[in-house]
Structures are given as C-alpha cells and as structure tokens.
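Biologist: I'd like to go through this one with you and ask why things are called what they are called. Could you put it on screen?
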Amino acid sequence: MAPQWDSEKPIYLQLYQQVVARILDGYITEGEALPSVRKVAAEYQVNPITISKAYQMLQDEQIVEKQRGKGLFVKPGAQELMLDRERETFLVQQWPEILKQITRLNLSAEQLLAGEHS
Amino acid sequence: MSELISITGLNKSYGKKHVVNDVNLSVHAGQIVGLVGPNGAGKTTCLQALLGLTDFEGDINVLGHHPRNDREKMLNDVAYISDVAILPKWLKVSQALTYMSEIHPNFDIEKASAFLAKTNILLNDKVKALSKGMVTQLHLALVLAVDAKVLVLDEPTLGLDILTRRQFYTHLLEDFYTEDKCIVITTHQIEEIEHILTDVAFIQEGKIVLAESADGIRERFKLLAVTQDNVEKAKQLKPLFSNSLMGLTTMLFDDQKAETLQMLGNISVPSLADIFVGVMTKEICA
Amino acid sequence: MNIQVVTSSIKRELWEFGNILKWVPMVTAALVILMPILIFMESNKTFSDAFQALTMFPANFVSPEYIEMVPKLFFVTTLSLFAPFVAVAVIIQLYYFTVCLFDERRDMSVMFWRSLPVSDVVAIIAKLITGALVIPAVFLGAATVTLFIFLILGFVICIILSVGYDTSLWALWIDSDILSGLALIWLHLLPFAVWMLPLFTWLMLASMFAKKAPFLWAILPVAVVLLVEGFVVHYFHLSQPFIGSLLLDYFSISKEFVSSIQGQDSFSRTVPLQALMSKLDITSIIAATALLYGTYWLRVNKGEV
C-alpha cells in the first residue's frame, strides 16, 4: 500500500522514521532482514533512489548493517540503541517543555496519572 | 553517472507550426525523468524524435547512437511503450513472443513467459481479445524481457484503471529498474508518479520551462498561506500564482528564502501538481 | 542484414494475412474439384456414359503416334487446373501490395514495429518477397495438392473399374512426365514475379504514400495520365499514346512472340516460360528499383503518419 506521505518532510526521512518506529514497537526484530530497495520502491510507488537514501541513513545511524551478498539486517542491540536515543531526545528536547506546561497548569502527579486510567 | 540520453537544440516544425522549440535535455543512468506538459506541448514529438520515429533538427544522442542514422543498433537497448495502443490487433501473444525472440538480440523469452504466467493472458489470445490493461501488461512483458537500458514511456497508463496503473509502476520499479538504466515518462497523472520521479521537466508550447531534480524542485518552491493583512506584502515578493479561499490566500513562490516567507505566514512544501499548475499559469499570464 | 530477421519478418507478414492464405486457396481448390462434378451433373449423361468414356481414355493413348502427345496433354490439363489458382493468387497479391504498408499505419502499429531493431530495408524487402514469391507459392502449392488429389482419384477410379491396361496405365503416367511438367510450372514463379515487379512496387508506393484509400491512389494517377494523354493524342493528331501503349505492351504477350511460336511445328511445353522470359527487361527492373527506393524513403522520413 502506498502510504500518504507528509508533504513537509522529505520522504526518505519519513521512511527512516517509519523503520525506527517499527523496530521500537517490535514489528521488526533484531537480525531480521529489511526488504530489498526494489520491493519497497515498488510497494510504496517511490523511486528507488529515495529508498536507498533512507537505507543509507539507517546504516549511518548504526541501526542496520550490510551483510555481503545478503542485504541489510537489523543490528543486534538496535532496539536498545533506538530506545536510548529516543529516551534522550524525549528527556532533553520534549520533556522540559511538557514539564513547564505541567507546572504552569499546576497539575499534580496523581492527576496526570489518573488521566491515563480513565 | 553516465549520460545515456543527450538532446541539444531540438527543433521540429510541422509546416508553419513550430512544435518543438530548442529543447535541451540530458538523462543520466538511474534517472526517472518525467516530461510533464499540457496537450500539444510537444512531449510526444520529443519522444518520437528520441526514438528515430520522426525527423528533427538538432542533436540527439542515445547510448552513443544517432536515432535516425543508427536506428537499429540503438533500438537493441531502447524500448518504447505508448498510449496509442500500438500492438496490432491480429497479433497472437505466442506470435509476439516468437517474433521478438527471433529479431531482438536482447530478448529473453523465459522472462516474458514468466511475467505473462502471472497474468490472465493466454498464449493463444489475440491482441484484439485482450482488455486495454492486458495489452499494456503484454507490452510491458515484452519490454521487461528486452531489459533495455533506456525506456521511453508515452502516457503508458492512459485509460487504465487504478489497479492496473499501480501494478504497472510496481512492475516497472521491481522488475525493470536498475541504477544503470533510465526511464523517460510522460503522463497527465502527475500525482501518481510524483514520488517515482527523480527528475522533472516541464514543457509548454515546445519549450522546456523548467528542468530540475525532484528534490531540488521541492527545495526551490514554497507554498505560503497568508492571512489578509499580509497579502499585500507577500504580493510584492512576486508569487507565481495566488489563490484566495475563505479568508486565506495561498501563494506559490520560486526561489524565496524560507525566513523571508515565514514572517508572512505558514510555509509548506507544494506538491508537484501545485508547482506544475503554478509554473504553467505563470507562463500563460506572463 | 540478417537472414533470420528477414525470415521472421516474412513469417510476420504471413501471420497478418494468415486467414486469407488459409481459406482462399482451400475454397479455390474445393471449387476446382467440384466444378467437373457439377458440370457432369448438369449434363444429361449417366454414370455408365462416364465410365465408358473413362475406359476408352487410356486405350487411345497407348498407340505410338499419340505417345508423344501425352506429356503435352497432361501439361495443358495441369495448366488449366492451375489457371484459377494463379488468377486468384494474382488478385490476392495485388490486394496484399495495396495494403501491406497502409494497414500498419492506419492502426498505428507501425510505431510498435519501428520501435524494434528491424531496419526499414528489411521490412520492405520482406514485404516484397512475401507478396511476389510467398503468396503465389502458397497458391501454387494448393494447386499442386489439388493436382495430386485428382491423380489419386483418377488412379483409384481406374483400379476400381479394373481398367485392364494396368501396366500400360503406369507407363502412361510415366510417359506423361507429370513431375517435370509440375516443376516446369513452378519455374514460372520467379520470371512472373520479375515481370510484374514494376506493378508490385507501384502498389507498394501507393500503399506507403496514401493517407486513405491506397487503392485509389494506385489507380487514379495512372487513369488520369492515360486520359490526359488520350486527349492530347486526339487533339494533336499524334500517332499513338506513348504511355498508354507502353503499359499495354508491357503487360501483355506481344503479337510478334505469338507468331514466332506458331512457326514452330509442335507445341513445346516451354512455350509459356519463353513468353515470360521475353517480357523481362532491364528498364522495368530499374523502374521497379526506383519505386522501391521511393517507398523506402517515405517509410524512413514520413513513416510516422
């Protein structure tokens, strides 16, 4: 299925993020092979160069590795790595803003967590 | 990457009508170039000149061959699918396969048969018994089996239902495309192939009005949503076109810095269709 | 130019006209076989009359003075058997040449064919060979088969009737030189093609040139030229229309030739062949080549419409 791409971000970036999300959520496991560039290009109706770019980014970020003659495989420990990174991004970039908002609205921890169960 | 197609100073007139006017185009290996333009813009003529199907003025070089003088050798590595449903009605599928395998040095009959086996096309069918989508599938099978280096597609999906259109591009990307080949495609359905293209060329009244890589085009053009109070200021920056609806005006800008525009409203990336309409309209009004 | 490519292109032509080439010869053969039967049924003779005639038939030819005539008689009979096939073949050939370069332009399939690595030279030569040699060969083949059917039928009938001259029947057949007569007839194929070459290439040119109605484009210019010439000759009291008589002479067996063979004492089987050979002429071949080149030029330069 050709997904609806967000027109704001370059497609290769969106694809990168999609793979990362899938790894984090456990849909793609460590040691699993990524589908070939061709297959993804054909499936998503996107040109293969864009797909290659996304795959290259995944390689550069140490999330996948190339196994000679066999393609790209998710590196062992990638999920942990991603989890750490996302945690760091969240704690450094997003959390301070949210914390400010919580303080501004004078919400207590119980109120915040209660909202989750209701 | 190596240049597979080089067109310089292409001109063609039918009598007094100047159909193609000084067109320059260069296609490298790995590129999927969309030649987009309104009807009568000269797209088909450009492609026909490329294939040696019509005479022309100017220089064209395809894979090192001249399309008229070196037609046969060039056509060993070039394939063509056109919307004008051009497989003859009396031809049987088996006859097409036999003929291609006998006259085409690069034709792999196994590949073609394997592809056809996945469709509803039978070997004994005549082309006249096939639906439009199946004829395109057959033509695609023949082209895939030739494994051409240059593929020229002239509105290949015209009149096909969405399922067949999707399948066409799927097969094109999965079974045909590699980084040492190139594809030149003309189509009216820009939205469909927007993400498949690596490069775009807009053609209008025989002239190329824009030629840019797909990434470059998205960086160059910006869509700005301005509120009424900023409209005048924005107009001074000379947008390509502007469209007002329900209190919000949308403007398309070429080569404007994001910072300049951000002060006036929300910027977003326009779709290729938006850019096409904008550029074409500007050319008409200019 | 590759032999394989030419052969494949000829095959392609035959596929396109396959139906015509299958059914027309068969129908002609059927008519030729049925004709004598129908004529026989039309007349009031009975079966016994027919059998009597048949039994008399071989007896007449065993005597020495007739032995010489047997091959010639068979030859003439074979010729008359072949005649309807040849007539039909010529019609089909003329039709083929008129449409061979027109149909593919009308349904736009020419763009498919020309997007393949087959040169225009090969394409045109293949069409020429198909029309000038292959199509008539198909009809000659059908005629040959019909001949053999007749021979076998005749043989079977003779055996059934126990015509008592079995051994001399064989001798009769051997003397009649059927096979060499047959070979002689087939030999006419090539000279006939060369003789008709200007006509064939003219039709091909019209087929290539016409945007519509290639047949009219083939006929009308010639008709107009002849008419104009006729008027000019009549008005200026000139001796005879040049072009008109040129065409007439070319396409008919001349009177001089007929009188020359009448001088010979006996009918030779090679007479028709000699007639054909006498028509061959280098200027006509040059004219045909020029027309063919014109056709080629059009296909290369204006082939897309």
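Modeller: Here it is, and we can go through helices, sheet, domains and chain contacts in turn.

Modeller: One thing up front: this is a predicted model.

Biologist: Fine. Why is H12(C) called oblique to H13(C)?

Modeller: Helix H12 (residues 214–236) and helix H13 (residues 242–251) of chain C have axes that cross at roughly 125°. Roughly perpendicular covers 65 to 115 and roughly antiparallel starts over 145, so an angle that fits neither of these, and is not under 35 either, counts as oblique. That makes H12(C) oblique to H13(C). The axes come within 8 Å of each other.

Biologist: Which residues of H12(C) and H13(C) meet?

Modeller: From H12(C) you have C:Val225, C:Leu226, C:Glu229 and C:Gly230, and they meet C:Phe242, C:Ile243 and C:Gly244 of H13(C). By class, that contact has four nonpolar, two polar and one charged. The glycines go with the polar group, because Gly is counted there.

Biologist: On to the sheet in chain B. What makes S11 and S13 of chain B edge strands?

Modeller: The open sheet runs S11-S12-S10-S13 in chain B, with antiparallel pairing. Strand S11 (241–245) and strand S13 (265–268) each have a single partner strand, so one side of each is left without a neighbour in the sheet. From one strand to the next, the twist averages 20°.

Biologist: How do you know that S10 and S12 of chain B pair?

Modeller: Two strands pair if there are at least two bridges between them. Strand S10 (residues 221–227) and strand S12 (residues 248–254) of chain B have seven bridges, in the antiparallel sense, so they count as a pair. As one example, B:Leu224 has B:Met251 in S12(B) as its bridge partner.

Biologist: Now the domains. What are the two domains of chain B?

Modeller: Domain 1 of chain B is 3–87 + 147–205, and domain 2 is 217–285. Those bounds come from an automatic or database domain assignment. The C-alpha centres of the two lie 31 Å apart.

Biologist: What makes you say that domain 1 and domain 2 of chain B are in contact?

Modeller: Residues count as in contact when their C-beta atoms lie within 7 Å. Eight residues of domain 1 of chain B are in contact with eight residues of domain 2. On the domain 1 side, helix H7 (190–193) and strand S8 (199–204) of chain B each supply at least two residues, and S8(B) gives the most, with three residues. That side has five nonpolar, one polar and two charged residues.

Biologist: And how is chain A divided?

Modeller: Into domain 1 (11–76) and domain 2 (79–117), with C-alpha centres 29 Å apart. Six residues of domain 1 of chain A are in contact with five residues of domain 2.

Biologist: Last topic, between chains. How many residues of chain A and chain B are in contact?

Modeller: 13 residues of chain A are in contact with 15 residues of chain B. On the chain A side, helix H2 (37–44) and helix H3 (48–60) each give two or more residues, and H2(A) gives the most, with four residues.

Biologist: What does the contact of chain B with chain C take from each?

Modeller: 22 residues from chain B and 20 residues from chain C. On the chain B side, H3(B) gives the most, with four residues. By class, that side has 11 nonpolar, six polar and five charged residues.

Note on methods. Residues numbered from 1 in each chain as written. Chains lettered and ligands numbered in written order. Predicted model: local features only at pLDDT ≥ 70, side-chain atom pairs only at ≥ 80, totals over all residues. Contact = placed C-beta atoms within 7 Å. Axes fitted to C-alpha atoms, helices over the stretch in contact; angles between N-to-C directions.
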